[in-house]
Amino acid sequence: MTEQTKVTTLEKVVVRFSGDSGDGMQLTGTIFSNLSAILGNEISTFPDFPAEIRAPQGSLSGVSGFQVHLGSRKIFTPGDRADVLVAMNPAALKVNVSHLKPHAIVIIDTDSFQKSDLDKAQFTTDDPFKELGLDVQVVAAPITSMVKDGLAEFGLDNKSAVRCKNMFALGLVCWLFDRPLEEAMHMLQNKFSKKPTIAKANIKALTDGYNYGHNIHASVSTYRIESKKVAPGFFMDINGNKATSYGLIAAAEKAGLKLFLGSYPITPATDILQELSARKELGVKALQFEDEIAGICTAIGASFAGSLAATSTSGPGLALKSEAIGLAVIAELPLVVIDVQRGGPSTGMPTKSEQTDLMQALYGRNGESPVVVIAAATPTDCFDAAYWAGKLAVEHMTPVILLTDSFLANGSSAWRLPDLDAYPDIKPCLSTGYKESEPWKPYRRDPETLVRYWAVPGMEGFAHRIGGLEKDYDTSAISTEPYNHQKMVATRQAKIDKIADYIPELEVLGDKDADLLIVGWGGTFGHLCEAMETMQENGKKVALAHFKFISPLPKNAEKVLTKYKKVVVAEQNNGQLANYLCSKVPCFTPYKFNRVKGQPFIVSRLVEEFTKLLEA
Amino acid sequence: MEQAIKYQAKDYKSDQYVRWCPGCGDHAVLNCIHKAMADEGINPKDIAVISGIGCSSRLPYYMNSYGFHTIHGRGAAIATGVKTANPALNVWLMTGDGDCLAIGGNHFIHAVRRNVDLNIVLFNNKIYGLTKGQYSPTTDKGFVTKSSPYGTVEEPFIPAELAFGSRGNFFARGIDVDLKNTTEILTAASRHKGASVIEVLVNCVIFNDGIHKKITDKEYRADRTVFLRHGEKMLFGKDNEKGLVLDGFKLKTVTIGQDGYTLDDILVHDAHTEDLTLHMMLGLMGGDMPVALGIIRDVEAPCYDLEVEKQIAEVQAKKPIRKLHDLLMSGEVWEVK
């Protein structure tokens with residue numbers, strides 16, 4: 001270190017890698033976050049891709065970003081604003097202006113900040129920083145030319161050499177954060193194991209970047225993030241869609257059932273179909289069908305035939321599946337429907353995130369059609385949520401709608417590999433377990449849970465007919481008898497309500513005697529939790545109740561919601577959970593905080609608004 | 001071991017009262033299905049009968065097997081799920097011209113294209129019965145119904161053409177009034193590995209009475225239909241005095257002994273040839289030509305449900321991992337001690 005460089009020890013820091021779609025920013029960000037996780041930091045990441053497949057080079061619409069938040073204590077979100085930005089071109093700088101903290105460090109490649117580059121990003125002067133009014137610390141390095149010089153010995157063509165410039169930038173960031181390079185080198189070896197020259201070139205660029213940082217006497221801060229003592233075990237980096245896929249596999253394994261996924265590609269849920277269709281070694285039947293309706297209908301068929309069946313989709317697809325969900329409701333067949341929510345209505349904003357499908361999940365069907373609705377809180381929680389979805393579906397013979405969102409689906413963090421033995425058992429309610437004195441019929445129920453017994457084609461002695469027509473409570477034959485319909489409607493609702501006895505209670509985090517209870521659900525957990533902690537640091541008494549189980553509500557929900565003087569329900573819609581809770585909890589009148597921008601909450605903004613509420 | 005048990009038609013009948021209108025063609029087809037299943041000797045516990053919505057889709061309730069009466073048009077997709085999840089089952093789809101070809105058209109063409117091993121019985125009465133008399137995708141152009149009071153202005157589907165266009169490998173056509181032959185083709189369909197489409201021309205006694213009369217009535221049937229059997233000559237008429245020949249690229253009816261045609265000139269039906277050309281021409285016959293009944297096409301091809309399992313077996317032969325934990329440990333993991 002030079003004497004000009006001061007070392008700052010931080011609890012957490014946000015780094016954003018940004019460049020053209022082809023600049024390899026996703027790889028750079030992934031390596032840096034994994035490196036940090038291995039060193040014992042908490043991480044949370046979020047990729048930000050352009051919607052266009054290949055936007056023009058250097059243009060504003062072609063900027064691809066990857067943000068990582070790392071720290072020595074629990075990290076809940078990918079962070080509001082960046083402490084460090086790597087901007088590989090002027091477009092990347094311009095697009096990220098609003099994502100920067102004051103005095104942030106900005107690393108730029110001066111070779112791609114020439115007149116023509118500035119023009120492509122629609123700058124009108126030759127000083128982009130001044131033009132944007134930025135007060136930042138700039139590390140300006142001729143990255144492209146240094147990479148070309150440094151790699152001359154490898155005899156690569158110009159294009160291949162220039163492609164290594166992301167590793168030079170990574171090296172520079174590693175210097176900034178005092179990250180040893182060995183693990184990064186190891187990852188590059190693995191990544192390019194079939195192309196040894198490319199591997200060597202990338203490692204050389206990485207090392208050159210690191211050494212450059214060391215040698216330039218840059219008058220910027222370098223950071224040290226203390227490592228945290230984490231629980232021992234094996235870890236991996238995982239995003240929400242992958243965790244959802246693994247949760248389904250785990251549930252099927254625990255239940256002793258085959259896993260079937262019927263699906264149709266839709267952003268941002270497609271990864272689930274892709275992940276599960278690659279899992280043939282585990283015997284998973286994950287198949288792409290002709291449309292959303294076929295996706296769910298094949299799953300319903302597979303469920304009838306005895307599989308743990310699921311379908312994956314996003315909001316528009318959920319709309320198409322409504323009628324079929326109703327069939328699974330009345331036929332009382334187990335089914336997991338995963339809705340990775342995105343911006344709506346209609347096609348809306350397919351790559352952006354919001355929580356606007358809650359009402360659709362709860363009520364978006366004809367008839368009185370109750371289902372279980374649960375929501376995942378974090379990318380890694382998608383595993384547990386999918387596991388619970390599978391468990392409740394087969395134990396209670398019902399469709400379960402699992403809500404995640406685009407933010408959870410693509411966001412990732414370090415995940416401690418689960419010990420499946422520690423997860424609750426999953427015991428399908430099979431007709432072979434029928435013990436009542438009356439002869440078995442398809443709609444005969446367990447008197448305690450009101451769950452009907454699952455008989456699967458191929459079982460001797462249980463041949464039966466079910467379907468979308470109302471059935472008689474006792475004989476299971478078709479019935480339009482008025483009292484019977486009333487009874488069946490009530491029974492289907494009661495069956496769902498009783499599930500409250502089998503799910504965890506609502507947890508309250510924070511101060512027991514809080515002056516404000518923050519209420520949320522689903523993918524906003526990280527932001528709400530961080531907001532609560534920040535307010536506590538500011539001396540406020542706050543608590544957070546975050547719903548994972550929404551239908552039915554946990555048994556203690558009413559008690560929790562009515563205990564605090566002030567309650568605010570914060571969600572990325574116009575108040576869907578708040579309205580639902582009001583309909584379920586008498587005299588519940590919460591404040592509402594609603595933002596529908598397709599973007600994650602901003603923690604500082606939450607703190608500001610909640611503090612105002614508290615002081616009002 | 002199951003072959004040892006002799007089943008009878010009654011073993012496939014459920015205790016439910018059959019609610020179709022008296023005189024409806026569906027009764028006869030139901031009896032043919034019971035008979036075909038008994039002939040095949042399949043244990044009822046291994047049969048799954050799936051249906052959509054419509055008069056014919058009530059059929060699963062009248063079967064003593066596993067049955068699932070689903071939603072309008074989606075039967076083909078649900079049956080695909082059943083069969084793919086458990087290829088050991090004998091899976092039937094009961095559907096009508098509205099259910100299968102209008103609202104369910106997409107699922108139908110894709111189930112046929114994928115060659116899922118389903119027996120798809122298409123009850124074609126050219127009308128919507130359960131909603132009381134609206135035109136369907138097979139209603140003849142110009143036909144007056146409750147929703148086309150001045151006649152339809154659209155061309156109908158010909159199910160055979162649609163099945164062939166979807167790359168179907170089995171297509172047969174039967175009529176409700178011919179129990180013997182309809183049972184025969186249903187049995188063959190059950191035996192065929194792959195998607196079998198069996199179009200049964202049925203009468204709707206209430207809303208479309210006599211729609212197939214010109215074909216099905218005893219007095220016309222011999223002259224206006226030709227029953228095809230693989231390996232046999234395409235003969236028809238009361239005394240099999242007429243037959244089909246190729247005239248250039250077209251089919252033509254001839255009378256044996258007239259215009260110099262002899263029995264040797266009559267075409268022999270080859271249901272097993274992959275070439276679709278003649279099957280398509282036979283399937284499209286009507287008007288001046290006799291309507292083709294029987295099995296028009298019956299070609300073996302890989303079945304989707306088995307291909308799915310085959311691929312899993314192939315991957316499993318190469319990858320020893322069977323548990324999620326082992327899969328996770330084989331990826332990029334790091335240990336914290």
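How many bridges join strand E9 of chain A to E12(B), and do the strands run parallel or antiparallel? Select residues 233-239 of chain A, which form E9, and residues 333-336 of chain B, which form E12. The model on screen is predicted. Four bridges join the two strands, and they run antiparallel. To find one of these pairings, pick Met236(A): its bridge partner in E12(B) is Val333(B).

Next, widen the selection to the contact between the chains. Chain B contributes 51 residues to this contact and chain A contributes 53. On the side of chain B that touches chain A, the elements giving two or more residues include strand E2 (66-69), helix H4 (105-114), helix H10 (304-318) and helix H11 (324-329). Helix H2 (75-85) of chain B is also one of them. H2(B) gives the most to this side, with eight residues. Colour the side of chain B that touches chain A by residue class: 25 are nonpolar, 17 polar and nine charged.

Now turn to chain A and select helix H8 (residues 182-191) together with helix H9 (residues 196-215). Their axes come within 9 Å and cross at roughly 155 degrees. Because angles over 145 degrees count as roughly antiparallel, H8(A) is roughly antiparallel to H9(A). The crossing of the two helices is right-handed.

Finally, show the side chains where these helices meet. From H8(A), display Ala184(A), Met185(A), Leu188(A) and Gln189(A). They meet Ala199(A), Asn202(A), Ile203(A) and Leu206(A) in H9(A). By class, this contact of H8(A) with H9(A) has six nonpolar and two polar residues, with no charged ones.

Terms used. Residues are numbered from 1 along each chain as its sequence is written. Chains are lettered from A and ligands numbered from 1 in the order in which they are written. This is a predicted model: local features need pLDDT of at least 70, side-chain atom pairs count only at pLDDT 80 or more; totals for chains, interfaces and linings use all residues. Axes are lines fitted to C-alpha atoms, for helices over the stretch in contact, and angles run from 0 to 180 degrees between N-to-C directions. Angles under 35 degrees count as roughly parallel, over 145 as roughly antiparallel, 65 to 115 as roughly perpendicular and the rest as oblique. A crossing is left-handed if the near helix is turned anticlockwise from the far one by less than a right angle, and right-handed if clockwise. Two residues are in contact if their C-beta atoms, placed from the backbone, lie within 7 Å. Ala, Val, Leu, Ile, Met, Phe, Trp, Tyr, Cys and Pro count as nonpolar, Asp, Glu, Lys and Arg as charged, and the others, Gly among them, as polar. Two strands pair if DSSP finds at least two bridges between them.
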